[in-house]
Amino acid sequence: ACTQEVTVTDNEDPTITCPADVAVNTDNGECFASGVVLGTPVTDDNCSVASVSNDAPAQFNTGTTTVTWTVVDASGNEAACTQQVTVTDIEDPTITCPADVAVNTDNGECFATGVVLGTPVTDDNCAIASVTNDAPAQFNIGTTIVTWTVTDASGNEADCTQEVTVTDNEDPTITC
């Protein structure tokens, strides 16, 4: 009589199908999304699944992050799939215009140039890309409305208005 040892090895990889891609907005006042619900992958194995894991961060920054899901069976065989998480910033920036401006006309002219408008106060949950205004080079007598616009890195905009009042305080001349 003799004995023979038969070793059966599981060399078949498990299978995994990732959850659908996810699209979310940033958390209010933040430049990231937290608490993102990724869903659950579908896994299978000829013997048994030992673990399912992913490399998802706690916070997802704006843009697209690739999450890799991995399944490992009881024999150490593994398979992976990827899921995309896209975070969009839809929050408008804020802008507070400088104070209204009152100036006199330039000497001998019917307009004012070199008007100092000041600087608006801006803020955004992510990043400011630009601050612009539609001020002319010359302000005519009367009141001109200047519109200031702030644009964030995601293309969201906000605006405010400032008044520039030009007064003619130059006496006329007369020759008799």
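## Report on a chain of strands

Glutamine 59 sits in strand β6, which covers residues 59–61. Strands here (E, at least two residues) and helices (H or I, at least four residues) are DSSP runs, numbered from the N terminus. The model is a predicted one, in which local features need pLDDT of at least 70 and side-chain atom pairs count only at pLDDT 80 or more, while totals for chains, interfaces and linings use all residues. Residues are numbered from 1 along each chain as its sequence is written, and side-chain values use heavy atoms, with hydrogens and water left out.

With a relative accessibility of 42%, glutamine 59 counts as partly exposed. The cut-offs behind that word are these: buried means under 20% relative accessible area, exposed means over 50%, and partly exposed lies in between (1.4 Å probe, protein chains only). Apart from neighbours within four places in sequence, glutamine 59 is in contact with Phe32, Ala33 and Ser34; contact means heavy atoms within 4.5 Å. From glutamine 59 to alanine 135 the separation is 76 residues in sequence and 41 Å in space, C-alpha to C-alpha.

**The chain as a whole**

The chain has 16 strands and 0 helices. Its radius of gyration is 33 Å, well over the 16 Å that the globule rule gives for 176 residues, so the chain is more spread out than a compact globule. The radius is taken over C-alpha atoms, and the globule rule is 2.2 Å times the number of residues to the power 0.38. Along the principal axes, the C-alpha trace spans about 145 × 20 × 20 Å.

Of the 176 residues, 30% count as buried. The chain exposes about 10800 Å², and carbon and sulfur atoms supply 47% of that area. Accessible areas come from the Shrake-Rupley method with a 1.4 Å probe; for residues, only the protein chains shown count as cover. Among contacts between residues at least 6 apart in sequence, 58% join residues at least 24 apart.

**The sheet with β2, β8, β7 and β5**

Strands of a sheet pair through backbone hydrogen bonds, either parallel or antiparallel. Two strands are counted as a pair if DSSP finds at least two bridges between them. One open sheet has 4 strands in the order β2-β8-β7-β5, with mixed pairing. At its edges stand β2 (22–25) and β5 (49–54); each has a single partner strand, so one side of each is left without a neighbour in the sheet. From one strand to the next, the twist averages 20 degrees. For such angles, axes are lines fitted to C-alpha atoms (for helices, over the stretch in contact), and the angles run from 0 to 180 degrees between N-to-C directions.

Strands β7 (residues 63–73) and β8 (residues 78–88) run antiparallel and are joined by 10 bridges. They form a hairpin with 4 residues between them, and glycine 76 in the turn has a positive phi of about 90 degrees. The pairing of β2 with β8 is in the parallel sense, over 4 bridges. β8 also has two faces: Ala79, Cys81, Gln83, Val85 and Val87 make up the covered one, whereas Glu78, Ala80, Thr82, Gln84, Thr86 and Thr88 make up the uncovered one.

**The sheet with β10, β16, β15 and β13**

Another open sheet of 4 strands has the order β10-β16-β15-β13, and its pairing is mixed. Its edge strands are β10 (101–104) and β13 (128–133), each of which pairs on one side only. The twist here averages 20 degrees from one strand to the next. Strands β15 (residues 142–152) and β16 (residues 157–167) pair in the antiparallel sense over 10 bridges.

The table lists residues that stand opposite each other in the two sheets.

| Residue | Partner | Strand of the partner |
|---|---|---|
| Valine 24 | Valine 87 | β8 |
| Threonine 64 | Threonine 86 | β8 |
| Threonine 66 | Glutamine 84 | β8 |
| Valine 150 | Alanine 158 | β16 |

**Two buried residues**

Aspartate 152 is found in strand β15. It is buried because its relative accessible area is 1%. Its side chain reaches the backbone nitrogen of asparagine 156 at 2.8 Å, which fits the limit for a polar contact (a pair of N or O atoms within 3.5 Å; within protein, one must be able to donate a hydrogen and the other to accept it, and residues adjacent in sequence count only if both atoms are side-chain atoms). Leaving out neighbours within four places in sequence, the residues in contact with aspartate 152 include Asp89, Glu91 and Pro93.

Threonine 105 lies in the loop between β10 and β11 (111–113). Threonine 105 counts as buried because its relative accessibility is 9%. Not counting residues up to four places away in sequence, threonine 105 touches several residues, among them Cys110, Phe111, Ile141 and Val166.
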